[in-house]
Structure formats: structure tokens, C-alpha cells
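Please open the model in a viewer and keep the selection panel at hand. The tour below proceeds from one selection to the next.

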Amino acid sequence: MAETLGDRWQLPRPRSKFGGLVTDGRTGPGGPRVAILRPQTFMNEAGNSVGPARGAFKVPLDRVLVIHDEIDLPFGDVRTRVGGGLAGHNGLRSVARGLGGRDFARVRIGVGRPDSTDPDVVADYVLSKFREPADEVRALVERATDAAERVVLDGAVPAPA
């Protein structure tokens, strides 16, 4: 997703900084200035990357967009929201801690839920490769990228829950 957005906006090649890969620039001629960060930490420690990046770029919390997987949505669903709960998502918990709050925009990408509530099974599920056909995964990435672009360019995200 981050790579796809960077390509769409013709941003420079990402560089290592803030414990991740970051690129920044404009979304196009006269477009808004953006920075895209892909934390290279463990998911549960992503806040250690996003917090310092937010501080360095001086981005208000309400201008932060986090794109993440969501097992509570069926595979293929893409939804946007501002704020809300963390639904046991340890990566989101770390991000909220690193950002100093939960009131950031989100693009939630449905990956479905395994047939188990065992935490080890769930962790293996979300860390494994998609089981769906490659063309369905590509279509999901495109829909999620479109949603993220709408949030950035048009502010198209529902009000806080």
C-alpha cells in the first residue's frame, strides 16, 4: 500500500529513518505535502517508529493516517474511520501510544478471521501470506490505496466514532 501510494504520487525512493522507510513530497503539482512511513519494527512496536516521525514532521494527530489489517472485517472490505477502539490489535495499541492518542484517521483492510480464537493461531494467520487468489489480493490493495488517497486528498473519512 505505502509503496503503491508513493508510486502514484511519484515520491522519491524511501530512505531509512525513524526505524522505518520514509519518503515525502507532494501528491502532485499543487497537491498537499505528504510523508509515507513504513515502520520496519515488529508490528507490536510500530509506535516507536511513528511517534518520532510525527514529531519530526510536526504533523497534528488529526492529519495522521494509519493503514492496517483488520481481522474483524471480512476479506476484501475496506473501511475508513477516525478514532475508535483498538480491537486487541497490538500494532494499533503501539501506534496510539506512540502518537499520544487514538484520534487519527484509519484505513482498515479486511483480512478475515481464522476459525479459532487461540492467540497463536490468530497471530500465525495475520502474519502469513494471503490464502486468496493473487488477483483478489491485488484488487484489495487497489481499493485500499484508493481509500487512502481519498482520505489524504479529499478528507473523505467519517467523523470520529
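A residue is called buried here when its relative accessible area is under 20%, exposed when the value is over 50%, and partly exposed in between. The model on display is a predicted one.

**Helix 2 and its surroundings**

Select helix 2, residues 47–57. Gly47, Ser49, Val50, Gly51 and Ala53 are buried in this helix. Against which elements do the buried residues of helix 2 pack? They pack against strand 2, strand 3 and helix 3. Then step past the end of helix 2 to Lys58, which follows the helix and has a positive phi, near 55 degrees.

Add helix 3, residues 90–99, to the selection. The axes of helix 2 and helix 3 are 7 Å apart, and the two helices pack at an angle of about 30 degrees. Angles under 35 degrees count as roughly parallel, so helix 2 is described as roughly parallel to helix 3. Their crossing is right-handed. To display the contact, show Gly47, Asn48, Val50, Gly51 and Arg54 from helix 2, together with Ser94, Val95, Gly98 and Leu99 from helix 3.

**Strands 1, 2 and 3**

Turn next to strand 2, residues 20–26. Why is strand 2 described as largely enclosed by the rest of the structure? Five of its seven residues are buried, and the description follows from this.

Select strand 1, residues 15–17, alongside strand 2: the two run antiparallel and are joined by three bridges. Lys17 can be found opposite Gly20 of strand 2. Strand 1 and strand 2 form a hairpin with two residues between the strands, and Phe18 in this hairpin takes a positive phi near 60 degrees.

Now bring in strand 3, residues 33–39, which pairs with strand 2 in the antiparallel sense over seven bridges. One pair of facing residues to pick out is Leu21 and Arg38, the latter in strand 3. Strand 2 and strand 3 also form a hairpin, here with six residues between them. In its turn, select Gly30, whose phi is positive at about 75 degrees.

**The aromatic pairs**

How many aromatic pairs does the structure hold? There are two. For one of them, show the rings of Phe18 and Phe57: the centres lie 6.0 Å apart and the planes meet at 55 degrees, so this pair is classed as tilted. Phe18 belongs to the loop between strand 1 and strand 2, whereas Phe57 belongs to helix 2, so the pair ties together parts that are 39 residues apart in sequence. Phe18 is buried, at 18% relative accessible area, while Phe57 is partly exposed at 28%.

For the pair of Phe75 and Phe130, the geometry is edge-to-face, with 5.8 Å from centre to centre and 70 degrees between the planes. This pair links distant parts of the chain, 55 residues apart. Phe75 is in the loop between strand 4 (65–70) and strand 5 (78–82), and Phe130 is in the loop between helix 4 (119–127) and helix 5 (134–154). Both rings belong to partly exposed residues: Phe75 has a relative accessible area of 22%, and Phe130 has one of 43%.

**The sheet of strands 4, 6 and 5**

Select strands 4, 5 and 6 together. In what order do the three strands of this open sheet lie? The order is 4-6-5, and the pairing is mixed. Strand 4 and strand 5 are the edge strands, each pairing on one side only. From one strand to the next, the twist averages 25 degrees.

Within this sheet, strand 6 covers residues 105–110 and pairs with strand 5 in the antiparallel sense over five bridges. Centre the view on Arg81, which stands opposite Arg106 of strand 6.

The last stop is His68, in strand 4. Is His68 buried or exposed? His68 is buried, with a relative accessible area of 6%. Leaving aside residues up to four places away in sequence, His68 touches His89, Leu92, Arg106, Val107, Arg108 and Ile109. Arg106 therefore appears twice on this tour, as a residue touched by His68 and as the residue opposite Arg81.

How values were computed: Residues numbered from 1 in each chain as written. Predicted model: local features only at pLDDT ≥ 70, side-chain atom pairs only at ≥ 80, totals over all residues. Heavy atoms only, no water. Buried < 20%, exposed > 50% of the residue type's maximum accessible area, 1.4 Å probe, protein only. Helix = DSSP H or I, 4+ residues; strand = E, 2+ residues; numbered from the N terminus. Pairing = 2+ DSSP bridges. Phe/Tyr/Trp six-rings, centres within 6.5 Å; stacked < 30°, edge-to-face > 60°. Axes fitted to C-alpha atoms, helices over the stretch in contact; angles between N-to-C directions. Parallel < 35°, antiparallel > 145°, perpendicular 65-115°, else oblique. Left-handed = near helix turned anticlockwise from the far one by under 90°. Contact = heavy atoms within 4.5 Å.
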